[in-house]
Amino acid sequence: MPQSSATDRIHRLVPSPAGRTHLVEQGTGPLVLLVHGFPESWYSWRHQLPALAAAGYRAVALDVRGYGRSSKPEAPTAYRILELVEDNVAVVEALGEESAIVVGHDWGANIAAVSALVRPDLFRAVGLLSVPYTPRGGPRPSEIFAQMGGDEEFYVSYFQEPGRAEAEIEPDVRGWLAGLYAALSADTMPAPGAPDPHFVSPGGAQRDRFPAGRLPHWLDEHDLDVYAGEFERTGMTGALNRYRNMDRDWEDLADHDGAPVTQPSLFIGGGRDASTTWLADAIAAYPTTLPGLLSSHLLDDCGHWIQQERPEDVNRILIDWLARVTSDR
């Protein structure tokens with residue numbers, strides 16, 4: 001298989017349990033697997049691929065199952081997290097590598113953490129962006145989410161019913177994505193005290209609370225066209241099916257209840273991201289849940305789309321951490 005240079009960006013399709021995984025590769029050296037979140041694609045790592053390649057790594061950003069040019073199984077159960085771990089395993093094997101460092105953002109952070117948890121033989125270090133590691137435990141996720149918001153509906157609950165969120169998003173994918181990206185970006189998010197876009201009013205839609213009329217600084221019209229073009233082509237169901245498997249994940253990971261991720265790890269969060277403020281207790285628990293944590297950062301005045309809002313800071317932190325992880329090789 002041909003290797004890419006630090007200046008080349010190569011697209012390829014590799015076999016996976018679902019059929020195929022699309023990935024974008026740049027550079028040579030230790031493999032760093034980059035896993036995106038919702039609603040994004042490999043493209044959300046566009047700033048990291050050349051930086052990691054220039055630093056001496058084989059950087060590989062994939063389209064998660066259900067996104068982009070990767071396979072999109074019809075069965076909702078095909079999107080449980082252990083299936084996505086197997087896709088990551090298949091990518092490492094298809095690239096001819098014996099191990100990888102896995103880095104994820106948003107849902108990708110969960111996928112990366114579980115990859116490290118269940119396949120420590122293959123994933124030797126894990127980086128988590130925006131969403132802290134929280135071990136499996138407690139009540140069923142659906143029960144927790146149903147209790148959030150009072151008379152309003154938490155967005156994860158809103159996403160549960162097949163077709164419901166699709167009916168809101170798909171008539172205007174570009175407008176919905178622009179609104180969500182703005183709602184969770186530090187420079188365009190609603191002011192403190194404004195209605196929270198993570199919740200849906202009775203009879204309303206999530207987009208009712210999105211800011212309108214201005215893109216966040218990190219997103220230009222071309223970037224938005226790339227994201228919207230992929231989801232207009234594929235639809236939203238594959239991406240949303242990740243949310244529809246959270247109870248199945250809870251069942252599948254019963255043997256790992258409360259388990260720490262012990263490999264060398266990294267966390268980067270946004271200081272204005274609800275994922276880090278709501279899950280502050282999870283971050284505080286890192287000495288127990290991430291005993292191999294080497295580096296932890298909260299970026300001031302940064303929202304949810306961390307590697308796109310603050311690419312230079314994230315690249316610097318990632319490269320410094322990777323140097324520590326790979327110094328013994």
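# Rings, gaps and a threonine

Tryptophan 176 is buried, and phenylalanine 210 is buried too (under 20% relative accessible area; over 50% is exposed, in between partly exposed; 1.4 Å probe, protein chains only). What you're looking at is a predicted model, where local features need pLDDT of at least 70, side-chain atom pairs count only at pLDDT 80 or more, and totals for chains, interfaces and linings use all residues. Residues are numbered from 1 along each chain as its sequence is written, and side-chain values use heavy atoms, with hydrogens and water left out.

## Exercise 1: ring partners

Work out how many aromatic pairs the whole structure has, then look at two of them.

**Solution.**

1. Searching the whole structure turns up 22 aromatic pairs (ring centres of Phe, Tyr or the six-membered ring of Trp within 6.5 Å; planes under 30 degrees apart are stacked, over 60 edge-to-face, the rest tilted).
2. One of these joins tryptophan 107 to tyrosine 243, edge-to-face, with 5.5 Å centre to centre and 80 degrees between the planes.
3. That pair connects distant parts of the chain, 136 residues apart: tryptophan 107 sits in helix 3, and tyrosine 243 in the loop between helix 9 (237-240) and helix 10 (helices, H or I of at least four residues, and strands, E of at least two, are DSSP runs numbered from the N terminus).
4. Tryptophan 107 and tyrosine 243 are both buried.
5. Now take tryptophan 176 and phenylalanine 210: they also pair edge-to-face, at 5.6 Å centre to centre and 65 degrees between the planes.
6. Here, too, distant parts of the chain are linked, with tryptophan 176 in helix 7 (residues 173-183) and phenylalanine 210 in the loop between strand 8 (199-200) and helix 8 (221-234), 34 residues apart.
7. Zoom out, and ring pairs tie both pairs into a cluster whose members include Trp107, Tyr243, Trp176 and Phe210, along with Phe38, Phe145 and Trp278.

## Exercise 2: the closed spaces

Find how many cavities of 30 Å³ or more the structure holds, and say which residues line them.

**Solution.**

1. There are 2 cavities of that size (points on a 1 Å grid over the protein atoms alone where a 1.4 Å probe fits but cannot get out; lining residues have an atom within 4 Å of a point).
2. The largest cavity has about 60 Å³ of space (the space filled by probe spheres set on points joined across faces, edges and corners).
3. Its lining includes His36, Tyr67, Tyr79, Arg242 and Trp107, the last of which you met in the pair with tyrosine 243.
4. Helix 3 and helix 9 each give at least two residues to the lining of the largest cavity.
5. The second largest cavity comes to about 50 Å³.
6. Among the residues lining the second largest cavity are Thr21, Val35, Asp63, Asp87 and Asn88.
7. Helix 2 (residues 81-94) contributes the most to that lining, with 3 residues.
8. Compare the two linings and you'll spot Val64, Arg65, Leu84 and Ile111 in both.

## Exercise 3: a closer look at threonine 21

Decide whether threonine 21 is buried or exposed, and list what it touches.

**Solution.**

1. Start with its place: threonine 21 belongs to strand 2 (residues 19-26).
2. Its relative accessible area is 4%, so threonine 21 counts as buried.
3. Leaving out residues up to four places away in sequence, threonine 21 touches Arg12, Leu13, Val14, Ser16, Leu62, Asp63, Ser70, Asp87 and Val91 (heavy atoms within 4.5 Å).
4. Of those neighbours, Leu62, Asp63 and Asp87 join threonine 21 in lining the second largest cavity.

Note on methods:
On a 1 Å grid over the protein atoms alone, a cavity is a set of points where a 1.4 Å probe fits but cannot get out, and a pocket is an open set with protein on both sides within 12 Å along at least five of seven lines; lining residues have an atom within 4 Å of a point.
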